[in-house]
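Please examine the fold displayed below before reading on. The paragraphs that follow lead through it step by step.

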Amino acid sequence: MARIAIVEDETSLRADVVEYLSACGHEALGCGDGRELDLVLADKPVDIVILDVNLPGEDGFSIAKRLRDHSDVGIIMLTARNVGIDRVVGLEIGADVYLVKPVELRELEAQIRTLSRRLKLFPPCAPTVSHTASPSPSGWAYDAIGWTVLAPDGQSVKLTANERVFVSLLVERPGEPVSRDDIFKALGKRQWDPSDRSVDSMVRRLRAKAQDALGCELPIEAVHGTGYAFAAPIAVI
């Protein structure tokens, strides 16, 4: 997979993107500004840089320009500025992709895969589940008694006690985000502590375990500023 630097000064968003891309198998590195990116690049080159435009100090456009002047690294601009001229400027100075926040993390990862193939970081036949081969989203099921999640093709993944509590919350309202505070309370914690990444670590392990057991991604998505959601219809059996 790709080695990716995420340059984003918003700490929670940067952590969400790093956590999601890491769970997808990429080597994701978070940077708060251009200086931190330079330190990462000095240690080891990266394949793709995801750049926010509004950064402290050197802005994303300036960083993208100097990167493009000296390398063929893939550049994805990720910004809240939905202005046509900004998109043109970003693309003209060498950005490969320009995405406007809020962006679904699945869309971001799909763009990374497309860009990676264009840059020949891995071949089109890499061992991933293609969209055409993906199971129908209506076929997911949750066995509350057996503590398992079943994919549409019948494959299943066994849950731990904490994973069962977490998944039970999400499947009660599929498609709707469940707050981190509700998740923490359900897991026996007093309330959400922003410095406590235990839930994020649990979700990362669950995604990796599900990928191995099911052969496809578990449709659990991080919802920036809120929590997590099960992003597909699912039946409770």
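The account begins with the chain as a whole and then turns to its strands, helices and aromatic pairs.

The model is predicted. Its secondary structure amounts to 8 helices and 12 strands. The chain has 237 residues, and 43% of them count as buried. The accessible surface is about 11,700 Å², with 53% of that area belonging to carbon and sulfur atoms. Among contacts in the chain with a separation of 6 or more, 58% involve residues 24 or more positions apart.

The N-terminal part of the chain offers a starting point. Strand β1, residues 3-7, and strand β2, residues 27-31, run parallel and are joined by 5 bridges. Within this pairing, A5 is placed opposite L29 of β2. Helix α1 covers residues 11-23, and together with β1 and β2 it makes a right-handed β-α-β unit.

Further along the chain, an open sheet is formed by 4 strands in the order β8-β7-β6-β12, with mixed pairing. Why do β8 and β12 each have one side without a neighbour in the sheet? Both stand at the edges, β8 at 156-158 and β12 at 234-236, and each has a single partner strand, so one side of each is left without a neighbour in the sheet. On average, and ignoring direction, neighbouring strands of this sheet are turned by 20 degrees against each other. The pairing of β7, residues 148-150, with β8 is antiparallel and extends over 3 bridges. Here V149 has V157 in β8 as its bridge partner.

Two helices are in contact with this sheet. Helix α6, residues 161-172, packs on it and touches β6 (140-143), β7, β8 and β12, its direction making about 130 degrees with that of β6. Helix α8, residues 198-214, lies across β6, β7 and β8 and runs at about 140 degrees to β8.

A further open sheet contains 3 strands in the order β9-β11-β10, and its pairing is antiparallel. The edges are held by β9 (178-179) and β10 (220-223), each with a single partner strand, so one side of each is left without a neighbour in the sheet. Between β10 and β11 there are 4 bridges in the antiparallel sense. In this pairing V223 stands opposite G227 of β11. Helix α6 lies across β9, β10 and β11 and runs at about 65 degrees to β11. Helix α8 also packs on this sheet, where it touches β10 and β11, and its direction makes about 150 degrees with that of β10. Helix α6 is thus in contact with strands of the four-stranded sheet and with strands of the three-stranded sheet. Helix α8 likewise meets strands of the former and strands of the latter.

The aromatic side chains come next. How many aromatic pairs are there? The count comes to 2 aromatic pairs. In one of them, the ring centres of W140 and F230 are 6.2 Å apart and the planes stand at 80 degrees; since planes over 60 degrees apart count as edge-to-face, the pair is edge-to-face. W140 belongs to strand β6 and F230 to strand β11, residues 227-230, so the pair ties together parts that are 90 residues apart in sequence. W140 has a relative accessibility of 5% and therefore counts as buried. F230, at 0% relative accessibility, is buried as well.

The other pair is formed by F166 and Y228, whose ring centres lie 5.7 Å apart and whose planes are at 85 degrees, so this pair too is edge-to-face. F166 is in helix α6 and Y228 in strand β11, so the pair ties together parts that are 62 residues apart in sequence. F166 is buried, with a relative accessible area of 0%, and Y228 is buried with a relative accessible area of 0%.

A final residue to consider is E176, which is found in the loop between α6 and β9. Is E176 buried or partly exposed? Its relative accessibility is 41%, so E176 counts as partly exposed. Apart from neighbours within four places in sequence, E176 is in contact with Y228 and A229. The C-alpha atoms of E176 and A231 are separated by 7.8 Å, although these residues are 55 residues apart along the chain.

Notes
Residues numbered from 1 in each chain as written. Predicted model: local features only at pLDDT ≥ 70, side-chain atom pairs only at ≥ 80, totals over all residues. Heavy atoms only, no water. Pairing = 2+ DSSP bridges. Right-handed = clockwise from strand over helix to strand, strands pointing away. Axes fitted to C-alpha atoms, helices over the stretch in contact; angles between N-to-C directions. Contact = heavy atoms within 4.5 Å. Phe/Tyr/Trp six-rings, centres within 6.5 Å; stacked < 30°, edge-to-face > 60°. Buried < 20%, exposed > 50% of the residue type's maximum accessible area, 1.4 Å probe, protein only. Areas by Shrake-Rupley, 256 points an atom, 1.4 Å probe, with all protein chains shown as cover.
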